[in-house]
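Trainee: Could you help me learn to read a protein structure that is new to me? I would like to begin with the whole and then move to single residues.

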Amino acid sequence: MQTGLTHTEVLIIGAGLAGTTLALSLPSSMRITLLSTAAAPCGASPMALGGLAAVLSAEDSLEQHIADTLEAGAQHSDPDAVRGIVYAAPQAVDWLLQQQVPLDRSDDGQLHLTREGGHSQRRIVHAADASGQAIMQALLHQLAHAPNILPRPHCQALALRRNEQGQVAGVDIYDKQAGRYQTILADHVVLATGGLGSLYSHSTNPSSALGEGVALAWRVGAQLRDLEFIQFHPTCLHAQGTTFLLTEALRGEGGYLLDAHGHRFMANYDQRAELAPRDIVSRSIAAQMRHDDTHHAWLDVRHLGADTLQQHFPKALEEGLRRGLDLRCDWIPVAPAAHYSCGGIQTDLSGRSTVPGLYAIGEVACTGLHGANRLASNSLLECVVMGRAAAQTIAANAPTKRLPLVPADKKSAVNTKTKITLPALQAVTQEHLGLLRNRAGLQEALQTVQDWRQQINTISKTPENHAMSLQLDTAWLLAQAALARPLSLGAHFRLN
């Protein structure tokens, strides 16, 4: 295969909302390369349904948004990060409107605000129940008219490269379309690779969300934080086909969760009932499923009315009908699924990691905003706020003189018939690192994944094996983090 070397000023790995926001917020004079594993739109951002949280009404306040975020995060969030990002939320909404994002408005012309679990007020701006798709379509339109931004789809990041001063200054990639390896040198490298939910068998995430960005950063010495906190979304459609997330706003608007006998049960677990934070609702559903000996609970939104469902939840209505379920007249079977990684690469509020030259934004990063459990619709908010903040910092930092890269590690490998599959890894993660955890299961997962990590180092490094090696590293790091926290907190729940 051919190899090559190319240069760019800013290399962004990941073309979801965080990466695209960053690219569009940098000065037009900067040369930017936007790497993605598939053609745009890709990743989790287009799949986001609910919207973006921001204080925009007189009945609400920034202090209430901060308090709700801290409460949902089990008081484990970084208060400075929460305050900084929440305070920047109204400006983030203004920026989206400037990018021609078609957010829903009420009859009086004001932005329509909905409410989701964990929020004390209506503060979610949205585009029906397909907000991520609407946002990404608008931003991709802007991207197409930005001549300084070079999209590089179908490219897989293999390893970050450092220079002689220890700064991250390049990335080894594999271009799947061209069938060649390449090293891209960059003054600034930004990881915006998304989450790790698809390391689980049951996940709302796209198939590409396998946590490789976490391992890439860890391998060059970046500090990680709060990796054990994996949020499960409580209401995922439990039916034939791929996992489909039923937006939290369905409960925010008054939807009920029912047991096998048609009785509301959430008040038995939490006084906030259906509006409790996601971790509580997810565990409550799991407990009720065990009690009823069923594989799912039920979501009832019939009383919201056909007009409301059609106007505000057309995507959920359409998906249900496609699977033979009508939200207007049927109970909908739901069960929790892996949804969001609250932790990741530790960064400051400019997106800088602990390794010089390396930034991380979006779900792969951990600013401290989410704590032990993310408050609904704070994730799109964080993507926009941190994308813009990182852009400001990068633009203000003149590049230093380019120094030679440290040679890449060359590990000897042999061709063997050993094969470690993603489904096998997902099964271990689902069983032992899921919604309910125990010490023996965590130890078993850690040992199993460690054995696989050792095995894969003996296999020839094809692009597929490179990817699996990164995925195994992330699963191993997740198991370590979960085992190291013996007490339950937020989305991390220990049975023993």
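Mentor: Happily, and we will go from the whole chain to two helices and then to a few residues. Keep in mind that this is a predicted model.

Trainee: Let's start with the overall build. How many helices and strands does the protein chain have?

Mentor: The program finds 14 helices and 18 strands in the protein chain. For compactness, we set the radius of gyration beside a rule for globules: here it is 22 Å, close to the 23 Å that the rule gives for 496 residues, so the chain is as compact as a globular protein of that length. Along the principal axes, the C-alpha atoms fill a box of roughly 65 × 50 × 40 Å.

Trainee: And what share of the residues count as buried?

Mentor: Buried means under 20% relative accessible area. In this chain, 59% of the 496 residues pass that test. The accessible surface comes to about 20000 Å², with 49% of it belonging to carbon and sulfur atoms.

Trainee: What share of the contacts comes from residues 24 or more positions apart?

Mentor: Counting contacts with a separation of 6 or more, 72% are between residues 24 or more positions apart.

Trainee: How far apart are the mean positions of the positive and negative charges?

Mentor: They are 8 Å apart, taken over 39 positive and 44 negative charges.

Trainee: Now a helix, please. Which residues of helix α4 are buried, and what covers them?

Mentor: Helix α4 spans residues 89–98, and its buried residues are Ala89, Pro90, Ala92, Val93, Trp95 and Leu96. Their cover includes helices α1, α3, α5 and α11 along with strands β3 and β5. After α4 comes Gln100, with a positive phi near 70°.

Trainee: Which residues are buried in helix α2?

Mentor: In α2, residues 62–72, they are His65, Ile66, Asp68, Thr69, Leu70 and Ala72. The cover over them includes β3, α3 and α11. Ala74 follows α2, and its phi is positive too, near 60°.

Trainee: Let's zoom in on Thr429. Is it buried or exposed?

Mentor: We compare its relative accessibility with the cut-off: at 1%, Thr429 counts as buried. Thr429 sits in helix α12, residues 422–432.

Trainee: Which backbone oxygens does the side chain of Thr429 reach?

Mentor: One belongs to Leu199, at 3.4 Å. The other belongs to Leu425, which lies 2.9 Å from a polar atom of the Thr429 side chain. Beyond neighbours within four places in sequence, Thr429 is in contact with Leu199, Tyr200 and Gly434.

Trainee: Where is Leu199, then?

Mentor: Leu199 is in the loop between β9 and α6. At 0% relative accessibility, Leu199 counts as buried. Its contacts beyond four places in sequence include Ala209, Leu210, Leu425, Gln426 and Thr429. Leu199 and Gln430 are 231 residues apart along the chain, while their C-alpha atoms are separated by 8.0 Å.

Trainee: And Met47: where does it lie, and how accessible is it?

Mentor: Met47 lies in the loop between β2 and β3. At 38% relative accessibility, Met47 counts as partly exposed. Leaving aside neighbours within four places in sequence, Met47 is in contact with Thr204, Asn205 and Pro206. From Met47 to His291, 244 residues away in sequence, the C-alpha to C-alpha distance is 32 Å.

How values were computed: Residues numbered from 1 in each chain as written. Predicted model: local features only at pLDDT ≥ 70, side-chain atom pairs only at ≥ 80, totals over all residues. Heavy atoms only, no water. Helix = DSSP H or I, 4+ residues; strand = E, 2+ residues; numbered from the N terminus. Rg over C-alpha atoms; globule rule 2.2 N^0.38 Å. Buried < 20%, exposed > 50% of the residue type's maximum accessible area, 1.4 Å probe, protein only. Contact = heavy atoms within 4.5 Å. Areas by Shrake-Rupley, 256 points an atom, 1.4 Å probe, with all protein chains shown as cover. Lys, Arg positive; Asp, Glu negative; His and termini not counted. Charge placed at Lys NZ, Arg CZ, Asp CG, Glu CD. Polar contact = N/O pair within 3.5 Å; in protein donor to acceptor, adjacent residues only side chain to side chain.
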